[in-house]
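Here are a few exercises to work through with the coordinates loaded. Try each task before you read its solution.

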Amino acid sequence: MAFNIPLRIKHLIAKCGTADPLAIAKMYGILVRFASTPQHINGFWLCVLRRKFIIVNNSLEHWQKQAVIAHELGHILLHPHYRHYYSGHSYFASTRHEDEANAFACELLKHLNIDPLFTLAFLENGWKCNKKRRSDVPENLDTWNGNI
């Protein structure tokens, strides 16, 4: 099933009155928790006793935390019954689902003036633990603070 993600984001922002992923999660009753996770885990979502949680690595910068929350919101809102672990280096999860969640996060954060290219580079390549860089990722990406 193909999603019209820009239209979904437009309706989501109209419904919630904001593009802030943390506020949207709160409005949907999704609890966001910041925890110390292994470096290669930026975040994940889980459902415990019908309560949804988004767990985010607390060592990330603010804009990175927003990107992770938006990505996990994409999973919850676009395909809530699909629950598979994806570490970025394995094939336990559907690439299509990951791509849709990435597109959801990029589109949502675009409304907060966070460049979709930075968001996508972060979500696809990881961050602090990934020493290998793709050729299309700018060199100064490590020092970028999220402002345009």
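**Warm-up: the overall fold**

Bear in mind that this is a predicted model. Of the contacts in the protein with a separation of 6 or more, 54% are between residues 24 or more positions apart.

**Exercise 1.** Work out how many helices and strands the protein has, and the pattern they follow along the sequence.

*Solution.* Start with the count: there are five helices and three strands. Next, read along the sequence, and you get α-α-β-β-β-α-α-α.

**Exercise 2.** Find the strand order in the sheet, and say which strands stand at the edges.

*Solution.*
- Step one: the three strands make an open sheet, ordered 1-3-2, with mixed pairing.
- Step two: strand 1 (31-35) and strand 2 (43-48) each have a single partner strand, so they stand at the edges, and one side of each lacks a neighbour in the sheet.
- Step three, the twist: on average, neighbouring strands are turned by 25 degrees against each other, direction ignored.

**Exercise 3.** Take strand 1 and strand 3: do they run parallel or antiparallel, and how many bridges join them?

*Solution.* As a reminder, strands of a sheet pair through backbone hydrogen bonds, in either a parallel or an antiparallel way. Here strand 1 and strand 3 (residues 51-57) run parallel, and five bridges join them. For a concrete spot to look at, L31 sits opposite F53 in strand 3. Now add the helix: helix 3 (residues 62-78) packs on the sheet and touches strand 1, strand 2 and strand 3. The direction of helix 3 makes about 150 degrees with that of strand 3.

**Exercise 4.** Classify C16, C106 and N4 as buried, partly exposed or exposed.

*Solution.* The cut-offs you need are under 20% relative accessible area for buried and over 50% for exposed, with partly exposed in between.
- C16 has 14% relative accessibility, so C16 is buried.
- C106 comes out at 9%, so C106 is buried as well.
- N4 has 45%, so N4 falls into the partly exposed class.

While you're on cysteines, a disulfide search over the whole structure turns up zero. For the bigger picture, 44% of the 148 residues count as buried. The accessible surface of the protein is about 8700 Å², and 55% of that belongs to carbon and sulfur atoms.

**Exercise 5.** Locate N4 in the chain, then say how far N4 is from F104 in sequence and in space.

*Solution.* First, N4 lies in the segment before helix 1 (5-16). Then compare the two separations: N4 and F104 are 100 residues apart in sequence, and their C-alpha atoms are 9.7 Å apart in space.

Notes
Residues are numbered from 1 along each chain as its sequence is written. This is a predicted model: local features need pLDDT of at least 70, side-chain atom pairs count only at pLDDT 80 or more; totals for chains, interfaces and linings use all residues. Side-chain values use heavy atoms; hydrogens and water are left out. Helices (H or I, at least four residues) and strands (E, at least two) are DSSP runs, numbered from the N terminus. Buried means under 20% relative accessible area, exposed over 50%, partly exposed in between (1.4 Å probe, protein chains only). Contact means heavy atoms within 4.5 Å. Accessible areas come from the Shrake-Rupley method with a 1.4 Å probe; for residues, only the protein chains shown count as cover. A disulfide is a pair of cysteine sulfur atoms within 2.5 Å. Two strands pair if DSSP finds at least two bridges between them. Axes are lines fitted to C-alpha atoms, for helices over the stretch in contact, and angles run from 0 to 180 degrees between N-to-C directions.
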